[in-house]
Amino acid sequence: ASSHSTWSATHPIRMLATTGRPRDVLTREAVNQVLGLRVNDFRVYREAFVHSSMRGSLGVSCERLEFLGDAALDLAFASYLSKQLPTAAPSELTLIKSFFVFEAQNAHVARELGLSRWMEVEAGAAKLGLLNHDKALSDVY
């Protein structure tokens with residue numbers, strides 16, 4: 001657990017938009033509703049929305065979860081394609097996967113789900129448009 005008092009894994013926090021106004025509160029119920037998942041360890045979801053620009057002040061960021069999430073998404077999609085196209089060559093499967101699992105597509109889905117409303121980013125990064133940047137949105141997705 002982090003010794004930083006500004007971040008709590010169990011309590012909702014408000015995230016600041018570029019205007020300095022509070023953003024949506026990230027809660028277990030909100031994650032359940034938007035993602036259609038039953039959240040067991042809310043701490044993981046909280047950390048997933050902390051951009052690396054906030055690591056210094058909050059002591060956590062989404063980078064490790066992003067790494068695991070990318071691997072899980074690749075594995076899930078590869079497994080799906082392998083089952084759906086059992087006679088396809090690995091090169092064909094890789095090509096097909098590349099049309100569906102890539103940064104811009106992940107960012108598109110993150111936008112559709114409205115995930116940026118929960119992103120915790122440093123104020124300067126927010127002013128530069130990070131909340132709408134494909135890389136940052138893809139990382140959250």
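**Figure 1. W118 counts as buried, at 1% relative accessibility.** This is a predicted model. W118 pairs with the ring of F49. The two ring centres are 5.5 Å apart, and the planes meet at 85°, so the pair is edge-to-face. An angle over 60 degrees is what earns that name. F49 is buried too, with a relative accessible area of 5%. Where do the partners F49 and W118 lie? F49 is in the loop between helix 2 and helix 3, and W118 is in the loop between helix 6 and helix 7. The pair therefore ties together parts that are 69 residues apart in sequence.

**Figure 2. A charge sits over the ring of W118.** The charge belongs to R117. Its charged end is 4.6 Å from the centre of the W118 ring. W118 thus appears in two views: here under R117, and above as the edge-to-face partner of F49.

**Figure 3. F77 and F100 form a tilted aromatic pair.** A pair of aromatic rings is described by the distance of the centres and the angle of the planes. For F77 and F100 the distance is 5.5 Å, centre to centre, and the angle is 40°. F77 is in helix 4 and F100 is in helix 5, which spans residues 90-100. The pair links distant parts of the chain, 23 residues apart. Is F77 buried or exposed? At 19% relative accessibility, F77 counts as buried, because the cut-off is under 20%. F100, at 47%, counts as partly exposed. Y80 belongs to this group as well: ring pairs link F77, Y80 and F100 into a cluster. A search of the whole structure finds 3 aromatic pairs.

**Figure 4. N106 is a buried residue of helix 6.** Helix 6 covers residues 103-113. N106 has a relative accessibility of 7%, so it counts as buried. Which residues does N106 contact, leaving aside its neighbours within four places in sequence? They are L73, F100, V101, S138 and Y141. F100 is also a member of the ring cluster with F77 and Y80.

**Figure 5. L73, in helix 4, touches N106.** L73 also touches V101 and Y141, not counting residues up to four places away in sequence. L73 and V101 are 28 residues apart in sequence. In space, their C-alpha atoms are 7.8 Å apart. L73 is partly exposed, with a relative accessible area of 25%. N106, by contrast, is buried.

**Figure 6. The largest pocket has a volume of about 440 Å³.** Three elements give two or more residues to its lining: helix 2 (42-48), helix 4 (63-84) and helix 8 (134-140). Which helix gives the most to the lining? Helix 4 does, with 7 residues. The lining has 19 residues in total. A48, L65, G69, V140 and Y141 lie nearest the centre of the pocket. Y141 is also a contact of L73 and of N106. By type, the lining residues divide into 13 nonpolar, 3 polar and 3 charged.

**Figure 7. L26 is fully within the buried class, at 0% relative accessibility.** L26 is found in the loop between strand 2 (22-25) and helix 1 (28-35). L26 and F49 are 23 residues apart in sequence. Their C-alpha atoms are 9.1 Å apart in space. F49 is the buried ring that pairs with W118.

**Figure 8. R55, in helix 3, is partly exposed.** Its relative accessibility is 39%. R55 contacts V60, S61 and E63, leaving aside its neighbours within four places in sequence. R55 and E122 are 67 residues apart in sequence, and their C-alpha atoms are 9.2 Å apart.

**Figure 9. The whole chain has 8 helices and 2 strands.** In what order do the elements run from the N terminus on? The order is β-β-α-α-α-α-α-α-α-α. The chain has 141 residues, and 30% of them count as buried. F49, W118 and L26 are among the buried ones. Contacts can also be sorted by separation in sequence. Among those between residues at least 6 apart, 53% join residues at least 24 apart.

Note on methods:
Residues are numbered from 1 along each chain as its sequence is written. This is a predicted model: local features need pLDDT of at least 70, side-chain atom pairs count only at pLDDT 80 or more; totals for chains, interfaces and linings use all residues. Side-chain values use heavy atoms; hydrogens and water are left out. On a 1 Å grid over the protein atoms alone, a cavity is a set of points where a 1.4 Å probe fits but cannot get out, and a pocket is an open set with protein on both sides within 12 Å along at least five of seven lines; lining residues have an atom within 4 Å of a point. Grid points are joined across faces, edges and corners, and a volume is the space filled by probe spheres set on the points. Helices (H or I, at least four residues) and strands (E, at least two) are DSSP runs, numbered from the N terminus. Ala, Val, Leu, Ile, Met, Phe, Trp, Tyr, Cys and Pro count as nonpolar, Asp, Glu, Lys and Arg as charged, and the others, Gly among them, as polar. Buried means under 20% relative accessible area, exposed over 50%, partly exposed in between (1.4 Å probe, protein chains only). Contact means heavy atoms within 4.5 Å. Rings of Phe, Tyr and Trp (its six-membered ring) pair if their centres lie within 6.5 Å; planes under 30 degrees apart count as stacked, over 60 as edge-to-face and the rest as tilted. A charge sits over a ring if NZ of Lys or CZ of Arg is within 6 Å of the ring centre and within 35 degrees of the ring normal.
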